[in-house]
Structure formats: structure tokens, C-alpha cells
Amino acid sequence: MRGSPSDQPIVSPLGTLADGVVGAAGEHGTLVLDLAGIEIDWWIGADDAWHLPSEGAGRAVRPGRAPAVDARVRVPGGEVVLRGYACAGSPVPWVVADLENESPGPVVVAWVLRAAPGYRIGRVALDGTTLRIDDRALVTLPRAPLRWAVEPRARGVRERVLGGDAASGSFEPVAARRGDLEVAVLFPLAHRTRTRIAAATALPGATSVAVAQLPSADDVERGWDASLDQRGMRVELPEEALDRAVDAARVTLMLGGGRDRLVAAASGAWGLDEGRDRAADVREDPWPRLRATAEPAGATARGAAEWLLAVRDALLRVEDDDVVMLPSFPVEWLGQPVAVHDAPTALGPVSFALRWHGARPALLWDIPERLSLRAPALDAAWSGVGGNGEALLAEVDASRLLSLGSAAPVVSGAVVDEPGSFS
């Protein structure tokens, strides 16, 4: 089925630090709750027509640092925006679909629930404002639906919903002994207002919640911001897209990746989990490839791990007792600040910052005493000693540096930042 995340590239995993990955979001904003095997799709009925994001009417992006998704659909006069994310609950986490009508006119939202691949839905009932799917999933609604439809999956609810034939009145329980059901619940949504639903696995002890009381997407984003700012290796890069991609990939690793060795290696190399320091994977001209693969890097744990290991190798390598800082440095970054904080190594954390005096780079560092350091891409003749220090290097020969191509502007080295303390 076209609306299934299994048929769409994953934009973001969904999960919490306490629970790990609990679901995923596809490229059109379709959400999946893993353990319950439930997919949440959304269709928007506006004055002009029905708009189905899962059939190409909209595209989702990862909006910030949190494992979340932002999907937008154009309707007359504006947009309808879905924000999907996960939040902790007791005893189970919830996957939340928060919908806002940013257009000047009213719309109807149809939440469409179907089984994920490998699952089926055999029974659906409404208990107050809680939709119960078999014995494995709870879907909390803001109120009883205005209209609803339940059909065998093979036929689906599309014809009834889009044709205006959804049932009204009380939601009637439906059971299919050997079949697979698809469910739609419809709600009106006035202009400039929002609504939400939330789904959880029906484990023992799990009960419904008041959906309005669950944390908002902004609350979840703030929580992840705090975690990212306090945990593991952090970097500051001249390109915002690379900074965002690093954070998205770090979050994906923080959610966990099972026993995958590559994930474990990257988690250790970035200080996100216990692990050994890793030998550098030397590559030539890494930054063009890293930029080209930045957007999807945080979608899966293994993809995040591979990308973050390459980013670390391009920023920092430990060779015997030498710290090689910025072994790859693009010409487009001349004059731009770069920083690495608390990069874990076998001998202790390594931090450094690059600032500029015109065309001359200034390095500030805080590394273990036993180590020495070099920055061959900037000044092949220079070396320094461990501990805390700073140095003003020779003027950079731009002809020796890598080029990222036309995607980033070439800067002249005019940025000036006086060194004096590591920050």
C-alpha cells in the first residue's frame, strides 16, 4: 500500500531516551507504532478536494534535533501541518500525531489506522475516547469521532471516506475472524486550530490518557536539546545543514541500535555509550560525500553510525600519541569557526576550537597531557603539546585545501576572533 512507511524512506525514528525506538515516520508523514504493528495515516478534506499525503500530496522533514517529523499539505489559502513524535508514558510510551490547520478555512481530518506489514487488525472497538485495536494497541482520540468507517483491508476505507459515505453516530465494534481491517475516524478541524491523537502498545497495566495532557512537540524538542547539549562529543561546524545532520544522527544513536557493531563503535567514538576508541578510517576528500549524505543520515541507527564515524574521522584522528586536528579542511571554511567538544579517546576527552586572525588560524585546545597535536591541513610544520594551550598558525595556503564545490560560499578569511580561552 502506498501509504505504508514500509514503502517510504524513513525520515526519522520515533522514540524516547527511556524506551529507545518505538516507531518511525515515513517521507509523507505516515507514522508507525512498532510493537503494536499499527500505522497511522492522515487525509485532509478541504473545500477543493481530499488531500492524501501518503499519495504524494505532502512531504515530511525532520524539523529539529528531536526524533520527530513535520509534514505539510497545501490546502486553499494555507497548509495543514502534522507533527509526529514519541513521548514517555507510564507504563508505555506514546506515539503522538499532532495536527494543526494553518489555513483560513475549516477542514476535515480522517485518521486512518491499518496494520503494519506482518500484522493484521481483527477487532476494533471504541471505549469512550479510546479506540482499542485487538488486544495490542490503544489509540486515544480527542473525543468521539464525527464520522467513521471500518472495512476489510483489501477494499479499504478510501471509497467510503472520500465518497462521503462514512457512518455517523455511535462507533460500532467490528470484528473479522480471519480478515484484516482498516479503520478511519473523522473529525472537523476549524481554521487556525489543532487536534491530536496518540497511540500506545496495550501492555499489561497500560491505560488511556487524556491526549491533550501529553507533552507537546516543543516540549519534546526542548528535552532533546538539553540531552544533546550535555552528552558526549559535540561539534560546531560552519554549515548549518551539517550541524543539524550531526545532531539528528547523534539522537538516532542515543535511541539505541541493538547489537550492531558499527552502531556500538559510533556510540563509543562520540561518547554516547561505553565503547572503545576506534582507529581512524582514513578517506580522501570526505566532506563532499558527507554533505551529500547528511539529510538521510539520522533515519536509521546503522546509517547514523556510519555517517558519524566518517564525520569524526574528518574532524579528529588519534594516531599513536598524536591528535590530528581537522585532517580534512575545506577551502570554503576559511575564516569560519570550528569546534569539537569532549571527543572521547583512550587517554581521555579531547576538545579544540579553531578561530581566525585574518588569514591565520588560531587553535585552542584541551587534551590529555600525554598527547601531542598537529593540524597538517592548516599548517604542516606546526605541532603542539598536550594539556591546555593555544597557538597562532601560519597563514593558510588555500591552494592546498579541499573544495566542497559550489554548495557553500568561499569566504575570505576576514572573520577575526581573538583567542584567549577555550570555549
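Axes here are lines fitted to C-alpha atoms, for helices over the stretch in contact, and the angle between two of them runs from 0 to 180 degrees between N-to-C directions. Keep that in mind as you explore this structure, which is a predicted model.

**Stop 1: H4 and H6**

Start by selecting residues 261–269, which form helix H4. Then add helix H6, residues 301–315. H4 and H6 pack with their axes 8 Å apart, at an angle of about 45°. Angles from 65 to 115 degrees count as roughly perpendicular and those under 35 as roughly parallel, and H4 and H6 are therefore oblique to each other. Turn the view and you will find that their crossing is left-handed.

Now show the side chains where they touch. On the H4 side, pick Leu262, Val263, Ala265, Ala266 and Ala269. Facing them in H6 are Ala301, Arg302, Ala305, Glu306, Leu309 and Arg312. Colour this contact by class and you get eight nonpolar residues, three charged and no polar ones.

**Stop 2: H3 and H6**

Keep H6 on screen and select helix H3, residues 240–254. What is the angle at which H3 and H6 pack? It is about 130°, and the axes lie 9 Å apart. That makes H3 oblique to H6. H3 passes H6 in a left-handed crossing.

For the contact itself, highlight Leu242, Ala245, Val246, Ala249, Arg250, Thr252 and Leu253 in H3. Their partners in H6 are Ala301, Ala304, Ala305, Trp307, Leu308 and Val311. By class, the contact of H3 with H6 has eleven nonpolar residues, one polar and one charged.

**Stop 3: an aromatic pair**

Leave the helices and look for rings: the structure holds five aromatic pairs. For one of them, select tryptophan 148 and phenylalanine 171. Their ring centres are 4.6 Å apart and the planes meet at 40°, a tilted arrangement.

Where in the chain do tryptophan 148 and phenylalanine 171 lie? Tryptophan 148 is in strand S14 (residues 147–152), while phenylalanine 171 is in the loop between strand S15 (167–168) and strand S16 (174–175), so the pair ties together parts that are 23 residues apart in sequence.

Are these two rings' residues buried or exposed? Buried means under 20% relative accessible area. Tryptophan 148, at 8% relative accessibility, counts as buried, and phenylalanine 171 counts as buried at 9%.

**Last stop: a ring cluster**

Finish by selecting Trp287, Phe329, Trp333 and Trp356, which ring pairs link into a cluster.

Notes:
Residues numbered from 1 in each chain as written. Predicted model: local features only at pLDDT ≥ 70, side-chain atom pairs only at ≥ 80, totals over all residues. Heavy atoms only, no water. Helix = DSSP H or I, 4+ residues; strand = E, 2+ residues; numbered from the N terminus. Parallel < 35°, antiparallel > 145°, perpendicular 65-115°, else oblique. Left-handed = near helix turned anticlockwise from the far one by under 90°. Contact = heavy atoms within 4.5 Å. Nonpolar A, V, L, I, M, F, W, Y, C, P; charged D, E, K, R; others polar. Phe/Tyr/Trp six-rings, centres within 6.5 Å; stacked < 30°, edge-to-face > 60°. Buried < 20%, exposed > 50% of the residue type's maximum accessible area, 1.4 Å probe, protein only.
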